[in-house]
There are 2 protein chains.
Amino acid sequence: MTLHSPKKRPSQKPAAPYHHGNLPEALVAATIAIIEERGVEHVSIREAARRAGASPAAPFRHFANKTALLTAVADQAMDRLKNAVEWAIAAAAHEAPLQRLEALGSAYLRWALDNPTHFQIISSRSLIDVASSERIGPANSAIRALMVGMLEEGREDGSLDPDLDIDHVVLMTRAFGYGLARMAIDGHLAEWHPSEPVADAVPKALALFMSLLRPKAR
Amino acid sequence: MTLHSPKKRPSQKPAAPYHHGNLPEALVAATIAIIEERGVEHVSIREAARRAGASPAAPFRHFANKTALLTAVADQAMDRLKNAVEWAIAAAAHEAPLQRLEALGSAYLRWALDNPTHFQIISSRSLIDVASSERIGPANSAIRALMVGMLEEGREDGSLDPDLDIDHVVLMTRAFGYGLARMAIDGHLAEWHPSEPVADAVPKALALFMSLLRPKAR
DNA sequence: CGTCTATGTAATCAGCGATTACTTTTTTGT
DNA sequence: ACAAAAAAGTAATCGCTGATTACATAGACG
């Protein structure tokens, strides 16, 4: 006890400094882990704080409430979905417009099935607050704009019936894709269509839908 | 205090007998009221018990847990949806098969928009336990069977492309209808398609979808 | 160096789902 | 008719939750 440095904390491990360093990110990561382990309905602020090594009240310094925390998770998830979609479109850049639309739908559905918990969060409107997010609304608008562009192109080159109102085609397409993803993730699909594994039925349904969009042989 | 009847309870009002009479039903009704007032995520067993005039523990004599209570609500809601759909089909009994399918879809969507809270409950797979319900699974199967019947009829009379696989058409149709209903109820539709009131967009999207199902002019 | 601010904690509140032990009523068998 | 059993209620309690308040500490910055 003579020449030892007069540190107040002689313990070996760094022993959790008073300030975490990056608590917000740690909380988001912990929340994602909870969701993946136990489902989105079991998320609790206190558990996230526990995992991040903070007190139960600490999260409230960074997130006004539980909704804000989950909205931060949703923001991150939405970025990933948007990236997945944009990457798939870029890979299909040389194809016909309705092929690219199908690629978009395929990427959307694949991402949803691969990341069901993230999909549930960005889809929820009771757990998150879309209005207070800076990413979710714009990302959805961007995806919609891509769809509109492809459909307009398809109308010009004759691969889409020119009488169709594009706004409603976009809505119909989104309703189909969203409904299919939710059915698959929430378990409705397995109940409704038990004859086939979900992973097989989803792309088949998408292909069928796209085939209806194209002009029939005449 | 002499000739009065020796009743133990001389109070004027019946004063809440020890046994409620029909607590299960009262709890289901109270739960529905809570859902409609404050949303499905604010349902609590204790609040339902309070409204039914029972102690916080009383509900557990009739429902094993919160899920069981909400499943009872869902059972009742599913009956109503099934009735709405069957009534609409009966009213269209004289029409062509794809017209009847559209009538089914229209009734489904109208019921969903008119009863958003009930729709949310029967659609949820985290709040209720479909496997332990005696109504939900069969009702869904019945609706699916109606759709299959109409589509088979449509294939025979030439109003549906005979190459289409009916199982996948049914799945696609259900995904579209379910997705559209959820988008409308959860608020996605207003975000995605802001140019038009939800109540206008839904039937238009349905009509558009049905038009794709019919053979094109050739 | 000293102060201000950001970030953390402890203590507390009301509400929740669920369980246990106990009480009261109704049903039922003889 | 009546006692025993079953059904239906209650009170008290547990551990958990979201959120708030008052206080403590660390870091940033003049």
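This short presentation covers a predicted model of two protein chains with DNA.

Good morning. I shall begin with how the two chains are arranged. Chain A can be laid on chain B by a turn of 180 degrees with a shift of 0.0 Å along the axis, and the RMSD is 0.0 Å. The two copies are therefore related as by a two-fold rotation axis. Both copies use the same surface, since 100% of the contact residues of chain A recur in chain B.

Let me turn to the interior. The largest nonpolar core has 136 residues, and A:Leu213 and B:Leu213 are those with the most contacts inside it. As general background, nonpolar side chains tend to be buried together in soluble globular proteins. What does A:Leu213 contact, leaving aside its neighbours within four places in sequence? Within chain A, the partners are A:Leu98, A:Leu101, A:Ser159, A:Leu160, A:Val169, A:Met172 and A:Thr173, and from chain B there is B:Leu212.

A second residue to consider is A:His168, which is placed in helix α7 of chain A, residues 166–186. Is A:His168 buried or exposed? Its relative accessible area is 11%, and the cut-off for buried is under 20%, so A:His168 is buried. Apart from neighbours within four places in sequence, A:His168 is in contact with B:His193, B:Glu196, B:Lys204 and B:Leu208.

In chain B, I would also point to B:Thr117, found in helix α5, residues 116–123. B:Thr117 counts as buried because its relative accessibility is 15%, under the 20% limit. Beyond its neighbours within four places in sequence, B:Thr117 is in contact with B:Ile35 and B:Glu36.

I come now to the DNA. There are 23 residues around DNA strand D, of which A:Arg46, A:Arg50, B:Ser55, B:Arg61 and B:His62 come nearest. By class, the surface near this strand has 10 nonpolar, 7 polar and 6 charged residues. Helix α2 of chain A, residues 45–52, gives the most to that surface, with 3 residues.

Which parts of DNA strand D lie within 4 Å of the protein? Of those atoms, 56% belong to sugar or phosphate, and the rest belong to bases. Individual atom pairs illustrate both kinds. On the phosphate side, an N or O atom in the side chain of B:His62 is 2.4 Å from a phosphate oxygen of strand D. A polar side-chain atom of A:Ser44 lies 3.1 Å from a phosphate oxygen of the strand. On the base side, a polar side-chain atom of A:Arg61 lies 3.4 Å from a base nitrogen of DNA strand D.

Thank you for your attention.

How values were computed:
Residues numbered from 1 in each chain as written. Chains lettered and ligands numbered in written order. Predicted model: local features only at pLDDT ≥ 70, side-chain atom pairs only at ≥ 80, totals over all residues. Heavy atoms only, no water. Helix = DSSP H or I, 4+ residues; strand = E, 2+ residues; numbered from the N terminus. Buried < 20%, exposed > 50% of the residue type's maximum accessible area, 1.4 Å probe, protein only. Contact = heavy atoms within 4.5 Å. Near = heavy atom within 4 Å. Polar contact = N/O pair within 3.5 Å; in protein donor to acceptor, adjacent residues only side chain to side chain. Nonpolar A, V, L, I, M, F, W, Y, C, P; charged D, E, K, R; others polar. Least-squares fit on C-alpha atoms with pLDDT ≥ 70 in both. Core = buried A, V, L, I, M, F, W, Y, C linked by side-chain atoms within 4.5 Å.
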